[in-house]
Amino acid sequence: LAGAATAALMTGGAAAQEYDSITVTAQKREQSVIDVPISMSVFGAEELKEIGASSLDDLASRTPNFEYTRSSDLKLKPATIRGVAGGVSGGEDQAVGVYLDEVYLGTAAAAQFELFDMERVEVLRGPQGTLFGRNTTGGAVSFTTRKPDDDPRAQVTADLGNYNMKRVQALANMPIIEGKLAAKISGAYYDRGGLTENVHLGERTNAESGWSLRGQVRFTPSEDIDINLSADYREADRQPTREIVLDNFLFDAGIPGLDFTSDGDPKNFSVSIEGDSVETMEAWGVAAHAVIGLGPVELTSITSYRAHDYFQEVDTDMSPIKWTYDGDPEQQEQFSQELRLASTGDARLNWIAGVYYFHQYTDNQSFVRLGEDILAFLGAPTSPDLFARGNGIVSADSIAGYLHGEFKATQRLRLTVGARVSHDSKAIDYEQTDESGGVVGAVAPYSREASWTEFTGDATISYDLADATMAYVKAARGYKAGGFNDGLGSPNNPSFDPEYVLSYEGGLKTVLADNRLWINVAAFYMKWDDIQIAGFGTVDRGGTPTFGVFTGNFGKARSIGAEMDFHARPVKGLELFGAAAVLDTEFTEGDPVDPDDPLAEPNIAPGNWLPFAPKWTLSGGARYAHQSPLGELIWRVEYIHTGRQALTSFGGYGNDPLGMQDGFGLLDARVALALSDRVSVALWGRNLTDTRYATRYQNLNFPPVFSSFYALGEPRTYGGQISLEF
């Protein structure tokens with residue numbers, strides 16, 4: 001799979017093209033996908049529409065060795081490629097860089113947006129330490145929006161589904177001065193009722209809604225100048241309800257007022273809680289993207305400012321008792337500037353040189369609140385509620401320079417080399433208070449700074465075995481900056497060191513049978529030093545165990561795997577597609593502690609699996625298009641299987657058994673009817689077998705006064721769609 005545009009191959013929109021005509025910008029210049037020696041998947045606009053993609057969740061399940069946590073929280077959603085996972089707060093960077101129109105999005109929450117009006121999405125696997133650079137030890141996901149052009153048009157797509165789901169997407173493209181100036185506005189609205197039944201209140205919870213808006217103006221005064229200005233805004237309002245896994249000893253002890261027992265089934269979309277959780281986010285950004293032709297070279301400038309304001313409060317104990325609540329609000333601002341020069345044309349030596357600057361400010365405001373029932377039980381005043389608060393303000397600056405070149409040694413042999421030098425610096429101002437006196441403990445205010453300078457890069461040899469067959473071998477080094485623990489509960493919030501990844505990969509891309517069969521294979525080996533892992537647990541302050549959230553360097557790990565995908569068009573109208581991946585990950589050097597000590601920090605032992613790294617994945621399906629009396633009918637069915645995986649790294653000598661998710665499969669289907677060139681209707685269904693599976697696991701049972709929780713993937717959903725073009 002590694003070399004090919006897996007998702008493009010797996011969907012009908014791309015199949016309408018010749019494979020070698022699929023254009024990507026994975027190397028910061030337009031190239032045919034078959035000429036790019038990078039393990040990648042590509043989703044075009046039609047593909048995104050056919051699979052009903054609304055977020056990164058929908059793409060990850062269709063991309064080999066790519067996991068994206070379908071958690072119930074917008075912020076706690078790290079992306080993982082080949083076992084390389086990143087962090088969820090401003091103090092820790094991502095391992096999979098997410099880019100919107102070449103703008104790096106600095107936090108997990110910032111990467112949450114609706115997928116509407118996209119031209120394509122490229123998923124690059126493996127370290128991208130040269131051209132994408134910043135914190136891409138696992139890979140990069142690049143979203144490219146459709147730009148304004150001279151074609152006047154408007155489109156509206158509306159979906160209705162079960163659970164009261166409603167989605168509307170619309171756009172209007174407006175040429176102002178033909179060939180010189182055009183504008184476009186696009187937007188999306190989404191609303192869905194609750195997936196989970198709250199039996200205590202007799203109502204549904206886990207609902208969500210939101211809307212997004214994007215505006216663009218494109219100025220092309222000459223064929224050598226292309227300037228695109230964009231602005232976007234998003235609001236989200238959700239109820240991130242978790243599913244309880246374990247009872248805790250206070251519940252089970254039958255203490256008056258605190259006696260509660262869960263129903264014993266953590267995956268039945270049923271909870272018994274005294275109120276809804278709250279999650280809101282407001283995000284916005286502006287960007288200026290300019291490309292100027294200067295004869296033999298091309299200058300590109302990308303300037304961007306983005307920010308978001310995120311709030312969250314959830315019922316920690318997930319019971320009808322007013323006991324504990326926690327939240328993880330975050331405010332973020334970022335500014336970035338990239339300048340690069342690139343050779344033009346198709347010379348024997350093609351090169352790119354650039355500089356990059358990034359600044360980010362995050363204010364992480366995590367808290368735990370004690371409710372009136374537990375306060376009454378403890379004999380404490382019930383008003384106001386007692387809080388434990390942590391406030392971690394982190395500022396990060398990164399500056400880098402890079403050089404990338406491709407040399408055609410012969411007609412068939414190409415050598416590609418890239419190098420990047422990055423300097424990252426971070427500073428934290430932190431304070432922690434605990435009105436309860438014992439939930440997390442108090443930490444005196446302090447300030448700290450740290451910086452790192454590192455070299456990353458890659459070297460690739462590719463060879464054209466035939467006109468439509470290319471083999472390559474590649475070595476790459478990735479680096480993820482160190483950082484600070486900015487969450488509630490970490491004693492003195494220590495810093496952690498950078499993470500390093502070495503990757504070795506070989507792949508083959510081939511097109512056979514007059515462009516009717518595409519096959520792509522790859523194998524890889526990756527190893528980490530000073531791997532960064534985030535987790536929950538207890539920390540011992542002078543003999544008093546208190547709850548903590550922390551990130552640290554936990555030794556070494558390795559990842560070995562192979563990937564394959566194919567796409568075939570055996571007869572007119574019929575397309576068959578499939579993909580498979582195997583992945584073996586483990587910690588080779590960990591940080592084990594005594595497994596018999598119930599108050600020991602969660603630990604990582606050699607042999608533990610890396611989180612969110614299924615042992616194998618398999619997908620396959622068919623698409624058939626034919627004419628009917630009413631218009632063209634397109635049938636599509638797809639099955640996606642995810643193998644056994646760990647949802648946590650911790651759990652003594654071996655992963656926590658409750659954090660292991662067995663293999664599961666999802667069946668999706670869609671049938672669409674094009675009534676005319678401007679009107680189409682469709683029926684769709686997802687997870688038609690109603691498979692119940694966990695996507696995230698939190699073990700808060702340290703010490704056992706909290707419970708443990710799952711976040712679940714969506715149950716069976718289905719609906720209808722109508723699309724209009726004007």
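Which residues lie on the two faces of strand β25 (residues 367–370), and are they buried or exposed? In this predicted model, local features require pLDDT of at least 70 and side-chain atom pairs count only at pLDDT 80 or more, while totals for chains, interfaces and linings use all residues. Residues are numbered from 1 along each chain as its sequence is written, and side-chain values use heavy atoms, with hydrogens and water left out.

Strands are DSSP runs of E of at least two residues, numbered from the N terminus. In a regular strand the side chains alternate between the two faces of the sheet. Phe367 and Arg369 occupy one side of β25, Val368 and Leu370 the other, and all are buried (under 20% relative accessible area, with exposed being over 50% and partly exposed in between; 1.4 Å probe, protein chains only).

Strand β25 is joined to β22 (residues 324–327) by four bridges in an antiparallel arrangement; two strands pair if DSSP finds at least two bridges between them. Thr324 has Leu370 of β25 as its bridge partner. Strand β26 (residues 386–408) also pairs antiparallel with β25, over four bridges, and there Arg389 is the bridge partner of Phe367.

A separate description concerns an open sheet of three strands, ordered β15-β14-β19, with mixed pairing. Because β15 (203–205) and β19 (270–271) stand at the edges with a single partner strand each, one side of each lacks a neighbour in the sheet. Strand β14 (residues 196–198) pairs with β19 in the parallel sense over two bridges, and Asn198 stands opposite Val271 in β19.

Asp309 lies in strand β21 (residues 297–315) and counts as partly exposed because its relative accessibility is 34%.
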